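Me: Could you walk me through this one with me? I'd like to reason it out in short steps.

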Amino acid sequence: MVFKKNCMELHLYDSWERRVRRFESIVPGRAGLYCCGPTVYDYAHIGNLRTYVFEDLLRRTLSFNHYQVQHVVNITDVGHLVSDADDGEDKMEKGSRRSGKSAWEIAAFYSAAFMADFRALNLLEPETWCRATEYLPQQIAFIRTLEEKGYVYRTEDGIYFDTSRQSDYGYLARLDRDALQAGVRVAVGEKRSPTDFALWKFSPADSRRQMEWDSPWGRGFPGWHIECSAMSAAHLGSWFDIHCGGEDHIAVHHSNEIAQTQACHGTRLANFWMHGYFLQTGSEKMSKSGGDFLRLQSLVERDIDPLAYRYLCLTAHYRSQLEFSWDGLQAAATALQRLREAYHRWPDGTQPDQVFLDRFRDAINSDLNSSRALTIVWELVRSEADVVMRKATLRVMDQVLGLDLDNWRPASHEIPAAVKALAGQRQAAREAQQWQEADRLRREIKAQGFLVEDGVSDWVLKPDNN
Ligand SMILES: Nc1ncnc2c1ncn2[C@@H]1O[C@H](COP(=O)(O)OP(=O)(O)OP(=O)(O)O)[C@@H](O)[C@H]1O
Ligand SMILES: [Zn+2]
């Protein structure tokens, strides 16, 4: 798994070939990057966000290697069903029932929440965000071409892609189709093969969906996989540089994107397929469906800077699973704090240390070895190199790591223990309904330069800036 060759040139792991190979862009100097985006029926959890941190690291590394990156991220706001086998409810309609809001309202709400997380993690804004519901004509045209080429069939509930037409279907996942096919019952109105997938699903005959459109095959909605093939091709063409997602996409979503693109355009869509591995809780993938998940906001509520989570992600290689623990996160927060303090102690300079920078480039160009890159960062920080040079070097490295060192400001007021003690006394006075004493303590806290605010079950202290 570890890639040892000296690779000042960028080398990346390609899931299609299952090896690390040299990255060369299709158009010199430019790199097209498509990343499967969130299904906006709920908040993103920090597992989802780990994948976007990996993709951001990739994007920054491409820029570091002087590629002009065209980065496209989709928003899945229709068609992602609860089950990968094309059964069950659309996650958006399910989210709508849960919240009592319309599917359109929750799509807008959770897209905005996702983008707030994106910014909090200092992820670079993609050139293009694209929503599946805004690309219906492209998806329908795609399915029509597949139909004309004889790749589809109709069942009672939709239009399906016939995977038996492709001898190498599922190559990305090295799928054993014969084993899958064995023992499968074939019935009228059902899929012909377990690997076949929906391109278009019909609205139920007896009820209306919130999100549905007319099509040549009947009223309904597009399948999840067609959206990514259609939108990536719309923005990057049907043969572009890199397509990313989480490891769970290899077996179904990306295998299906490749199958339908091969059938429609004769390409496997992207030259490199790259996958971020899971954030785990216990031995399980952190997942929304599992219910037990942490949001970025859950960390903020515990006073943990979102960038500490970014740092934690960088400590592990993107192709290894990362076990979440609060201790690990706290250690990342401490390391980030020390890095920030060192950086801000040093005077500004413009001349980086070339030897350290070359070692850093070598690490990051070795299939994004971010943990090795961080080790080099700390060697630099603890080195004897001139501090002005150290700062200039760290500034360049941070363009890749994205820890936003430049914009961090030391807190102007640490809250003194004596003020915290006064706030505790005031809380006790309030609980005893001694309102005058509570007010007196509030004034005393204010005299020391702090404001105390009452939360639902606790109090919060803030510097009094007036
Ligand atoms: N635990 C995880 N760790 C890392 N990446 C993940 C994890 N779970 C999902 N992802 C990735 O997050 C991205 C967004 O996925 P999406 O919003 O569709 O959520 P999802 O896969 O439906 O999540 P869940 O399975 O938790 O319901 C995808 O690239 C997916 O592969
Ligand atoms: Zn996708």
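Reply: Happy to. One term up front: a residue counts as buried if 20 or more other C-beta atoms lie within 10 Å of its own. Also keep in mind that this is a predicted model.

Me: Which residues of α12 are buried?

Reply: Helix α12 covers residues 370-381, with 12 residues in it. Going by that neighbour count, the buried ones are Ser-370, Ala-373, Leu-374, Ile-376, Val-377 and Leu-380.

Me: Within what arc do the buried residues of α12 fall, seen down the axis?

Reply: Those buried residues line one face of the helix. Their cover includes α1, α9, α11 and α13. They line one face because, seen down the axis of α12, they fall within an arc of 160°.

Me: What is the span of α12 from its first C-alpha to its last?

Reply: At 1.5 Å a residue, 16 Å is expected for α12. The helix comes close to that, reaching 16 Å.

Me: Which element gives the most to the shell around ligand 1?

Reply: The shell has 19 residues, with Gly-47 and Lys-288 among the closest. Two elements give two or more residues to it, α1 and β10. The top contributor, with four residues, is α1.

Me: Where does ligand 1 lie with respect to the domains?

Reply: The domain assignment splits the chain into domain 1 (11-281), domain 2 (286-407) and domain 3 (417-463). Both of the first two named give residues to the shell, so ligand 1 lies between domain 1 and domain 2.

Me: And how many Å separate the centres of domain 1 and domain 3?

Reply: Domain 3 takes in residues 417-463. Taken over C-alpha atoms, the separation of its centre from that of domain 1 is 52 Å.

Terms used. Residues are numbered from 1 along each chain as its sequence is written. Chains are lettered from A and ligands numbered from 1 in the order in which they are written. This is a predicted model: local features need pLDDT of at least 70, side-chain atom pairs count only at pLDDT 80 or more; totals for chains, interfaces and linings use all residues. A residue is near a molecule or strand if its C-beta atom, placed from the backbone, lies within 6 Å of it. Domain bounds come from an automatic or database domain assignment. The expected span of a helix is 1.5 Å times one less than its number of residues. A residue is buried if 20 or more other C-beta atoms lie within 10 Å of its own, exposed if 12 or fewer, and partly exposed in between; C-beta atoms are placed from the backbone. The arc is that of the directions from the helix axis to the C-beta atoms. Two residues are in contact if their C-beta atoms, placed from the backbone, lie within 7 Å.
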